[in-house]
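Good morning, colleagues. Please take a moment with the sequence and the model on the screen, and then I shall walk you through a few of its features.

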Amino acid sequence: MSLDRVGGSVASFDFRYLPLLHRQGYVAPNSHLQLEMEHSPGGFVMNSVPGIFDHVLVLDFKSLYPSIMRTFKIDPMGLIEGLKHSGSSIEGFNGGYFDREKHCLPDLITMLGEQRDQAKKDNNNHLAQAIKIIMNSFYGVLGSTGCRFYDPRVCSSITLRGHEIIQTSREWIEEQGLSVIYGDTDSLFVWLGDDPDAAEAEGVGKKLSLALNQRWTKKLAQEFGIQSALEIEFETHYLKFLMPTIRGSALGSKKRYAGTVQKGAEQVMVFKGLEVVRTDWTPLAKLFQMELFQRIFADQPFEDFVVSTAAAVLRGEMDERLIYRKRLRRKLEDYTKSAPPHVKAARKVRGKTLSRGDWVEYVITQ
């Protein structure tokens, strides 16, 4: 694809996959024209346990969806071939069966994986990242109803297998007496409970990942007669970890957390999904959250800081930090069903017409 079409994932996939398909003697269908199609479930997100924890390990499946496609031979052509003789094929989900020998994508993913490993050895991080994005895009393309190869049996055999892998891994970890406080698509967050030092925690993480890889290799060989390409890695050790609650609820949130990790001689804070890293919050919200979490993670008093900040806001001393800034994603006239605050502000601008891509700065007042 040309460089100005970097978002054309479906077209790029067609360009790569169609020749492989034709060499196997198949002709591809045209794009789907039906209006209603069955959708497959998304990635598995586990209910979290809210609270502040010491020593939380993150175990991450390396390129989980491509690894599932490679291991279970999930492929559009493989589905057609697998349904012909389901008794000897690899069973997927929702009626899907995949041929053990006749397929295109598993071999393509294997080749890309080898190229990515070589790029890493060559310290070519840009190329390694590009290949990773291409590999991960295969599921997104096959799960898009705009793709000619869309079939719920293909994409659900990827996502539901991911659900099974994460949930089974959680059960195995908890058999060791450890607590899994959160899981998200391809990651598990393990709380060690007692207070080991950093070296012990990292040792536990490496042993857990090794044991899980061995168990999956054995399980898949016994149950399916296939070789596992799944690879779980010990990714992060959070010295302190915060899983917040959903606003107005006692339930733990999802895809939102923070923690501290050791980087050399200093501890660094990491934020995921919280106000600090979002572009649709004010500078004050970000500065306040950063300072508050620093105090909490360092076991320093924070009550006076909260009260004094709130009082300064009410006195009008923080007005310059209460300015929102957001980009227009569409033309103003295209916002018809709803008008978010930045759109309302853009329509009030006098003497200039703002267009798609422009930044809008605005405040909310009584």
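**Strand β1 and the pockets**

Let us begin with a single pair of residues: Phe 61 has Ile 232, in β6, as its bridge partner. Please bear in mind throughout that this is a predicted model.

That pair belongs to a longer ladder. Strands β1 and β6 run antiparallel and are joined by 10 bridges. β1 also pairs with β5, again in the antiparallel sense, over 5 bridges. In that second pairing, Val 58 stands opposite Phe 189 of β5. As for general background, the side chains of a regular strand alternate between the two faces of the sheet. How many of the 11 residues of β1 are buried? The count is 8, so that the strand is mostly covered.

I turn now to the largest pocket, whose volume is about 620 Å³. Its lining comprises 27 residues, and those closest to the centre are Asp 60, Lys 132, Asp 186, Ser 187 and Glu 235. Several elements each supply at least two lining residues, among them β1 (51–61), β5 (187–191) and β6 (232–243). The strands we have just discussed therefore reappear here, together with helices including α2 (64–71), α4 (105–121) and α5 (125–142). Which element gives the most to this lining? It is β6, with 5 residues. By class, the lining of the largest pocket divides into 11 nonpolar, 5 polar and 11 charged residues.

The second largest pocket holds about 460 Å³ of space. Among the 20 residues that line this pocket, Ser 9, Ser 12, Phe 13, Ile 134 and Ser 137 are the closest to its centre. Here the elements giving two or more residues are α1 (9–23), α4 and α5. Helix α5 provides the largest share of the lining, namely 6 residues. The lining of the second largest pocket has 12 nonpolar, 6 polar and 2 charged residues.

Finally, may I draw your attention to one residue of helix α6, which spans residues 152–175: Ser 156. Is Ser 156 buried or exposed? Its relative accessible area is 0%, and Ser 156 is therefore buried, the cut-off for that term being under 20%. Which backbone oxygen lies 2.5 Å from a polar atom of the Ser 156 side chain? The oxygen in question is that of Pro 152.

Thank you for your attention.

How values were computed
Residues are numbered from 1 along each chain as its sequence is written. This is a predicted model: local features need pLDDT of at least 70, side-chain atom pairs count only at pLDDT 80 or more; totals for chains, interfaces and linings use all residues. Side-chain values use heavy atoms; hydrogens and water are left out. On a 1 Å grid over the protein atoms alone, a cavity is a set of points where a 1.4 Å probe fits but cannot get out, and a pocket is an open set with protein on both sides within 12 Å along at least five of seven lines; lining residues have an atom within 4 Å of a point. Grid points are joined across faces, edges and corners, and a volume is the space filled by probe spheres set on the points. Helices (H or I, at least four residues) and strands (E, at least two) are DSSP runs, numbered from the N terminus. Ala, Val, Leu, Ile, Met, Phe, Trp, Tyr, Cys and Pro count as nonpolar, Asp, Glu, Lys and Arg as charged, and the others, Gly among them, as polar. Buried means under 20% relative accessible area, exposed over 50%, partly exposed in between (1.4 Å probe, protein chains only). A polar contact is a pair of N or O atoms within 3.5 Å; within protein, one must be able to donate a hydrogen and the other to accept it, and residues adjacent in sequence count only if both atoms are side-chain atoms. Two strands pair if DSSP finds at least two bridges between them.
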